[in-house]
Amino acid sequence: MTDDKDVLRDVWSGRIPTCFTLYQDELTEREAEPYYLLLPRVSYLTLVTDKVKKHFQKVMRTEDISEIWFEFEGIPLKWHYPIGLLFDLHASNTSLPWSITVHFKNFPFKDLLHCQSKDVIEAHFMSSVKEADALKHKSQVINEMQKKDHKQLWMGLQNDKFDQFWAINRKLMEYSPEEGGFRYIPFRIYQATSERPFVQKLFRPVANDGKPHTLDDLVKEVCPAAIPPEGGEKKYQVMIHGIEPLLETPLQWLSEHFSYPDNFLHIAIIPQPTD
Amino acid sequence: MPSTILWASDIWGKVYTLSTDGQQWELCKDGQLEFKRISAVQACCWGIASDHHIYIYVHASDLPIRYQEETYENQRWNPVDGFCERLLPSDRWQWSDVTGFNHQPLDSFTLPSPRWEWESDWYVDENIGGEPTEKGGWTYAIDFPATYLKDKKWNSCVRRRRWIRYRRYKSRNCWAKIPPHIDKDQLPDPFNDISVGGWEITDEPVGRLSVWTVSLQGKVWYRENVCHDNPEGSSWSEIETPSEVIQISCGPDDLLWAALWEGQAIVRKGISRNNPKGISWDVVEAPTPGEGIMHVSVGVHVVWAVTKERKVWFRRGINSHNPCGTSWIEMVGELAMISVGLNDQVWGIGYEDRGVYFRQGVTPSELSGKIWKAILVPRENDRSNSGSVSSINSAGCFFGEEVKGQTDSIIQSDVDSEAEQTQLQEFGPSVSDVKETGSQSAELPVDSHEEAASPSCDEVPTNSKMTRAPQWSSIDLVEARINALQPPDDANNLSVFETFPEGTEDSFGRDIYPLWTWVSGGSCLVDSHNSLKWFNLQAGLTTSMQSMSLSITPANTAMWRKQIFEQLSERTKRELDSFRHYEPAVDQSVWVKTGTLQWWRDWKPYKWIDVRVALEQVTANDGSKDSILFIYYTHYDEKKRTKQRWPVRLAATTEQRCMTGLLNRSCCEMRKVQGPPSHQAIWSTTCKGDYFGLLTDRYMWSDASGLQECTKTSMKPPSPQWSWVSDWYVDFNASGGTDRDGWQYAADFPSSYHGYKTIKDFVRRRRWARKCKIVTSGPWLEVPPIMLRDVSVFPGRITKDDEHIAVWAISNKGDVLCRLGVTKQTPSGSSWLHVGTDQPFISLSVGGCLQVWAIARDGSAFYRGSVSSSQPAGDCWYHIPSPPKQKLQQVSVGQTSVFAVDENGNLWFRHGVTPSYPQGSAWEHVSNNIRKVSIGPLDQIWVIADKVQGTHSLSCGTVCHRLGVQPMALKGQSWDYGIGGGWEHVTVRGNTGYQSVQSEPSSRTSMDASNDGKKKDPAPSTESEGPSGSAASS
């Protein structure tokens, strides 16, 4: 029998094979070879692409280098979204490896946040964790933690250490059995086609009648169009970590097992591929 | 954890049960009778019915309750007739008991009550002291009474033989009346209260219970000889009391309290294993003078009481030395009665609403619990319940202040309305509300029924309320009350405590929720691991409730979960499997984790020392992980670090569990142990945490050897997954016997001990024990309900999914059981089939070709004949004498070979076993110093050996493997001594030699491989006997 713990490990060890190519207009001294890398789904682009940066900088002159950014099929990739979400949202039905274009010029500051150092990523990550705990436990758990525990969460993510990360993160996933779940489920729903970057609402894991809420309940509430009409054609995929959980999956379980390290469920709703 | 049940009876006397994993009250299977009192224990439930007779309800089980009757036939030789029944006038009766003093012809045996039936006719017992006689069971002697021998000699003048007959208790799953006393003069007056407990006092005889009753005249009676094979007991003994008793409560152990008519409580002193009836009474005054105690209920460490004003009190300071406790603490709530059950958990009947309440949050460290929670589940066939349940919900809120507070918060914050709404069912935390006796400042709860009920009523589904008349509305109320609650005689005034106050009749007619009178938690096991589903409001059984439970249970392998597992593995295939040669974005470099542990210093002075440890983990390029554990210690003030690869023994405190978990994982990763165990796995359990004795030399408290100091406080459960389930108690089962207080005597330490004091004895010791248990979330599943002492599974290879797999077992009482319906698809099988034996058995093994061998308590072996797939339980036992002067204690059967171990540690091989003569011809000695043997399906021989020469000393509990086993030389040639000491049991029976597809190389080969591949400092291996142990020992 497979254990729920294995799910956590599987989610953590998700990798996306990626091919980085330098943007054609970038000035280079010699030809830039593409760079192949396995990106951890749960991490952030700017956190795991030091090697890419080094690789391309070798063929460029220093004066041509400014802040690195990434683009896929014309879409600037937001580094502050987890990699798995970016892939699911923009590229889930394209062929592998994922082909990302690397830019060193013309930073699209309208679309992207600056990321000058890893401290920025850490600050962003920790603020998400805190926000999630505010929703789950009125911030009680995160506030009781020590500074070094916060650090361990971050170091666990940065160094891809599952055990290190989960030794602390499990505390954030606890709840008393009488409550039947968290106070609210930290989630964000993204739609590639939508104007809004994402939707976030207060949503409880258990309904007023004591019934556990499912993924279906959440999607119905936030994005009813994504639910296929009775007997009708399925038009959208509801995707987390590259898979489509059945809509009857309990939301509390998903929150405990399918949240990204920042403790949010990042759900991508994308059009069903037509082929 | 298997489910257990709570018992309750309603005002109509109907008895219901509620399972710990159930969601509705179920009507008792035998629902004909009406009861006013019930007292449940795990095996049975006792009750007082409306006819004032006592009844017992024994649960059905695959295991019969059998009682062996025996009598002796005696004969004397004379020159004319030879041996004949003509005896001398000075001789004993021709038919007598074992002493010869009592006349006991076969026809003098009658069934004790109509609840029994004979299993078969009388027959002669041909088994004498473990040896078959084959001569009609006769044993011979020079004269009565003398030593009887198996063989007739020239001077044998008398002989005798034993006849036996079994009777069987047949009233299972129904109420059986306890027969009234035959002597009319001693007939107790009608019974008024009953309490059953005392099963922890002693385990001899098996299933012994203390049954206490109170008569309407206030007398206390004790039922003699109630035990497993005599569930009804034999007679009533009156116990003197200082005054008239109205109610009594007997805990699982030696706690016994009763409430007096005058309002005090009395506490029984001197209850012990030698005297379960106790010696005298102590009086405990009521909490406040004007407020007498009406009801008491006791557990192992707790006493709760309800006073005449319906207030609930908790007694402080109860322990085994002070059964009277120190002071009363008032608790929140008004109850009609209270019941302490297993684990000191508490249930009660609400005074006003007559609902059943559970005390939530009772733990060993907080015995008074936290809050009262109404049990809100419907009754079987009780469709009107969604309405009735809701009305309890509102009616339950009669404890004013807390509820009022909640009401306010609802108004203030709508965000939390859900959470608060559930709390409306609770009485609020009591810990903060407790008040000491005598403190008059505390306010009494104000009845704020109206206020409290109104907000919750909005949430209640009102549509179903009162839509149907309750099923019992046609019953004549007055008559029912008389039947169920009032004695027919002149003692009306005494019965005031179980009737309701005047004026409540109206509410009977008005409300349709069930009104309970009595609850008994004595068979209901609730602990922190249970998640009870009793408290949620629901309209009938909805499927959503099942999905509420998010833990993995076999019933809970929902589709969505399966889908997630499948999709995740598909994702790995799709996104990763063809790209594994890609460079990882984050390099896994060396990672060091440091911590502290205790390390067993395996040289003088032997002791546990605190050490700093560092675990270095390296990920190789191929993704495999290797780890090195360093231990930093000081030796002659010199700082040292372990360098050699060597077995170490480590211990961790609860706070260090992170480190042990990490070590376990690292060992698994390094040895590539993952997924289910290999089909070639050999399983073993350690002998950690068993017993230790008391020695006055060297250490006052020590282990059995006397060399290790072991105090009660320093003793820890084997790992953090274990928890204590009992207190320390004196263990009377030490080998060599003990005296009445558990002491064993000897001339000096260390020596052999005996259970009586002689003039030469100058030292004594006794063994203390404490039980702990492990709760795992799997993959072990308990097969309830019969407790087993041995189990054996057919060791061969099973190819077909529906092929029957032979599984035999021995219950903790020594009954032999054969499991039916075991296949690969349904590994837990369906039911037990009891296989009759003439004496308790202790060990059993199923071998190839369905050979079943067993060892009886007298040390002899038995072979079961004609076991086949069509006749899974076989037909009869063949008695195999034990080796001369030895008592066998364990047997193991492989494909063809049969081995047994005796009490003195000798290993025996059964010679001459052939398909045509499976019983074999003789025992051949193989080896000594053997503790356990396991024979595999390929006749592999593995043992746990003692006194093996180790590096530093003789090691005990060493795993060894027999070399040179060949088809024609099944005994093998010599021992290969293996993994170091500390093992209790090993089994090689799963090792069929067939490679399973997913199995990994055995641990030994991968260990060698990592040795060769690494040039770093060799690390000590931590696998040998980590105290974290294995779940296999559960």
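Select P97(A) first: this residue sits in the loop of chain A between α3 (83–91) and β5 (98–103). The model is a predicted one. Set the display to show the backbone of L96(A) as well, since the peptide bond joining L96(A) and P97(A) is cis, with omega at about -5 degrees.

Step back along the chain to α3(A). Is this helix enclosed or open to the outside? It is largely enclosed by the rest of the structure, because 8 of its 9 residues are buried. The buried ones are I83(A), G84(A), L85(A), L86(A), F87(A), D88(A), L89(A) and A91(A).

**The sheet that takes in both chains**

Now select β4, β3, β5, β1 and β2 of chain A together with β34 of chain B. In the order β4(A)-β3(A)-β5(A)-β1(A)-β2(A)-β34(B), these 6 strands form an open sheet with mixed pairing. Its edges are β4 (75–76) of chain A and β34 (583–584) of chain B, each of which pairs on one side only. Inside the sheet, β1 (residues 15–22) and β2 (residues 35–40) of chain A run antiparallel and are joined by 6 bridges. To find the register, pick P17(A), which stands opposite L38(A) in β2(A).

Add helix α2 (residues 50–57) of chain A to the selection. This helix packs on the sheet and touches β1, β2 and β5 of chain A. The direction of α2(A) makes about 165 degrees with that of β2(A).

**A helix pair in chain A**

Next, show α4 (118–137) of chain A and helix α6 (residues 147–158) of chain A. Two packed helices are described by the angle between their axes and the distance between the axes. Here α4(A) and α6(A) pack at an angle of about 120 degrees, and their axes are 11 Å apart. That angle makes α4(A) oblique to α6(A). The crossing of the two helices is right-handed.

Turn on side chains at the contact. From α4(A) come E122(A), F125(A), M126(A) and V129(A), and these meet H150(A), L153(A), W154(A) and L157(A) of α6(A). An α-helix has 3.6 residues a turn, so residues three or four places apart point the same way.

Move on to S139(A), in the loop between α4 (118–137) and α5 (140–144) of chain A. Its phi is positive, about 65 degrees, although S139(A) is not a glycine. Is S139(A) buried or partly exposed? It counts as partly exposed, because it has 14 C-beta neighbours inside 10 Å.

Zoom out to chain A as a whole before leaving it. The chain has 9 helices and 8 strands, and buried residues make up 40% of its 275 residues. Of the contacts in chain A between residues at least 6 apart in sequence, 72% join residues at least 24 apart.

**Chain B: an annotated stretch**

Go to chain B and select residues 137–170. An unreviewed UniProt entry places the feature "domain: Peroxin/Ferlin" at residues 64–125, 137–170, 669–731 and 742–775 of this chain. Over residues 137–170 the chain is 0% helix and 44% strand, and the end C-alpha atoms are 30 Å apart.

**Chain B: three strands around β19**

Select β18 (residues 210–215) of chain B, which runs antiparallel to β19(B) and is joined to it by 4 bridges. The hairpin of these strands has 4 residues between them, and G218(B) takes a positive phi near 90 degrees there. On the other pairing, β19(B) and β20 (residues 236–239) of chain B are antiparallel over 4 bridges.

Use R223(B) as the marker: V211(B) stands opposite R223(B), and R223(B) stands opposite W236(B) in β20(B). In a regular strand the side chains alternate between the two faces of the sheet. In β19 (residues 220–223), V220(B) and Y222(B) point one way, W221(B) and R223(B) point the other way, and all are buried.

**Chain B: last stops**

Jump to N343(B), in the loop between β28 (327–340) and β29 (346–350) of chain B. N343(B) is a residue other than glycine with a positive phi, near 65 degrees. It counts as buried because it has 20 C-beta neighbours inside 10 Å.

Finish with the open antiparallel sheet of 4 strands, β51-β52-β53-β54 of chain B. β51 (841–846) and β54 (876–880) are the edge strands. Neighbouring strands of this sheet are turned by 25 degrees against each other on average, direction ignored. β51(B) pairs with β52 (residues 852–856) over 5 bridges in the antiparallel sense, and S845(B) has W853(B) as its bridge partner in β52(B).

Terms used: Residues are numbered from 1 along each chain as its sequence is written. Chains are lettered from A and ligands numbered from 1 in the order in which they are written. This is a predicted model: local features need pLDDT of at least 70, side-chain atom pairs count only at pLDDT 80 or more; totals for chains, interfaces and linings use all residues. UniProt positions are given in the numbering used here, feature names are shortened, and annotations may be inferred rather than shown by experiment. A residue is buried if 20 or more other C-beta atoms lie within 10 Å of its own, exposed if 12 or fewer, and partly exposed in between; C-beta atoms are placed from the backbone. Two strands pair if DSSP finds at least two bridges between them. Two residues are in contact if their C-beta atoms, placed from the backbone, lie within 7 Å. Axes are lines fitted to C-alpha atoms, for helices over the stretch in contact, and angles run from 0 to 180 degrees between N-to-C directions. Angles under 35 degrees count as roughly parallel, over 145 as roughly antiparallel, 65 to 115 as roughly perpendicular and the rest as oblique. A crossing is left-handed if the near helix is turned anticlockwise from the far one by less than a right angle, and right-handed if clockwise.
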